[in-house]
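Subject: Structure for your review

Hello,

Please find the structure below, followed by notes on its charged pairs and on one part of its surface.

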Amino acid sequence: MEQSKEHVLTHAFSQVIYKMHLILRVARILMENGADSDRTAQYIMRTAAYMGIPPENVSCHISYTTIMLNIKDEERTYTRFSKCRTHRVNMFLLSGVSRMIWRAMRDAWSLEVFEQGLDKLLLRANPYGSFMTALGASFACAGSCALFGCDLPAFFITAFCAFLGFYARRFCNENGFNGYAGIAIAAFTATFAAVLLENLHLSHTPMLPIVACTLFIVPGVPLINAANDLLNHFITSGMTRAFDTLLIVGSVAFGMAVALRLGYITEFAAVNLSPGEIYLYHPLAAAVAAGGFSMIFNVPKRLLWVVCIGGIITILLRNICMFEFGMSQAAGTFLGSAVVGVIALQAIHWFHTPNIVLTIPSAIPLVPGILLYRFFVTLLDINNVSAEALLNAMRNGIEGATIIIGIAVGVAIPSIFWSRQIQRNKNNQQKKLLASRFVDQED
């Protein structure tokens, strides 16, 4: 049996169809749970290497909904494809798949053990549960509201409204609603609750909960991945992600616009979002926001504190650049993201996790969801807005897009400037793990 396992792992085309099935399954898990196309392609090649398939014999084509895999030998070629049915964000699975592939290389797992590992990983896909994830969504929005300068009552109002919106979306998903319709309903629920509570005059900053209570829906990871795909020449996948996120943001804006109209709220686009004291409570607010988003994204529990520190670093660096040095929000956001990206280059060795698990949740509080929502809300009411308001909305949209590009480029700084060195180190590590297997085969 042991000899058979070694034969399968050292002979490229032994059980090749089964190997392709497992490679595509790994790729599908990654694409369906928040990995960008370039990372998915890297993991395809790494999984094939573990199975003894040389990289020159492997080709793949990745789009947003379909993954195609081709493996060829001297006589024939094998082609399989897999469909990606859903798209969500689950950092627990991304981290788990990465660690599992390295362990499979190190310990020469059989293909059956590898498949069982995938099965067990999927069974533990949500480390927090529904209620804890809802609390994460609540405090992600409340922390973001605190970054805008809200008072304590507004903080808890935002958390309560986001909690309602999260469960509204969950109800829609469980009952088979169209995904975009569910997002619009969730945005309406959270915003309308905030509008009703605004009339009670419980807070000195009553408009900020209305602004922040839907931020748990903002498609920050898909937006960053869309920019990453375009920067890495996965044009089709990047464009599809971009249009999907535009539909999500548009759905949120539609739900918010209906709630604002019913509540006779007209000053949504004019709410001042300039923060107050950026050194006193902003570190705590940033940690709360980053930690909340991390729970939504199912970041492994052992890494929550790391991401909270990353959120503090990104927010403080952005604010210092903006308020102390007079830089634009896009430039400050880029620098904050870039610093975290560089730090993560070393931190991944300390915590044994892909850098995406550390960098993106840390940078998500920087995503300009409010600017994008304002842009779409104004467009939905375009017949009733002045030329000045329309111009301001266009400015919000352009600034939001610029900030997203800044985040994507910032967190990708290591791969932009040190991609060859990073890949060389991973290849060397991969060769060391596989060396003994192939030496034994030659003997």
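Arg 25 and Asp 119 form a salt bridge in this predicted model, with 2.6 Å between the closest N and O atoms. The two partners come from distant parts of the chain: Arg 25 sits in helix α2 (residues 16-32), Asp 119 in helix α5 (residues 111-123), and 94 residues separate them. Arg 25 has a relative accessibility of 12%, and because the limit for buried is under 20%, Arg 25 counts as buried. Asp 119 has a relative accessible area of 35%, so Asp 119 is partly exposed. This pair does not stand alone, as Arg 25, Glu 115 and Asp 119 are linked in a network of salt bridges.

In general, side chains of opposite charge can pair when their charged atoms come close. How many salt bridges does the structure hold? The count is seven, and two others are described here.

Asp 229 and Arg 241 form one of them, and here the closest N and O atoms are 2.6 Å apart. Asp 229 belongs to helix α10 (residues 220-231) and Arg 241 to helix α11 (residues 235-262), so this salt bridge ties together parts that are twelve residues apart in sequence. Are these two residues buried or exposed? Both Asp 229 and Arg 241 are buried.

The other is formed by Glu 75 and Arg 76, whose closest N and O atoms are 3.4 Å apart. Glu 75 has a relative accessibility of 67%, and because exposed means over 50%, Glu 75 counts as exposed. Arg 76, with a relative accessible area of 42%, is partly exposed.

Now to the surface. Which residues make up the nonpolar surface patch? Leu 230, Ile 235, Met 239, Phe 243 and Leu 246 make it, and the patch covers about 450 Å². Helix α11 gives the most to this patch, with four residues. One residue in helix α11 is Ile 235, which is partly exposed at 45% relative accessibility. Helix α11 therefore appears twice in these notes: Arg 241 in this helix pairs with Asp 229 of helix α10, and the helix also supplies four residues of the nonpolar patch.

When you look at the model, the places to find are the network of Arg 25, Glu 115 and Asp 119, the salt bridge between Asp 229 and Arg 241, and the nonpolar patch that includes Phe 243 and Leu 246.

Regards

Notes. Residues numbered from 1 in each chain as written. Predicted model: local features only at pLDDT ≥ 70, side-chain atom pairs only at ≥ 80, totals over all residues. Heavy atoms only, no water. Salt bridge = Lys/Arg side-chain N within 4 Å of Asp/Glu carboxyl O. Helix = DSSP H or I, 4+ residues; strand = E, 2+ residues; numbered from the N terminus. Buried < 20%, exposed > 50% of the residue type's maximum accessible area, 1.4 Å probe, protein only. Patch = residues over 30% accessible without salt bridge, like charges linked within 9 Å, V, L, I, M, F, W, Y side chains within 5 Å. Areas by Shrake-Rupley, 256 points an atom, 1.4 Å probe, with all protein chains shown as cover.
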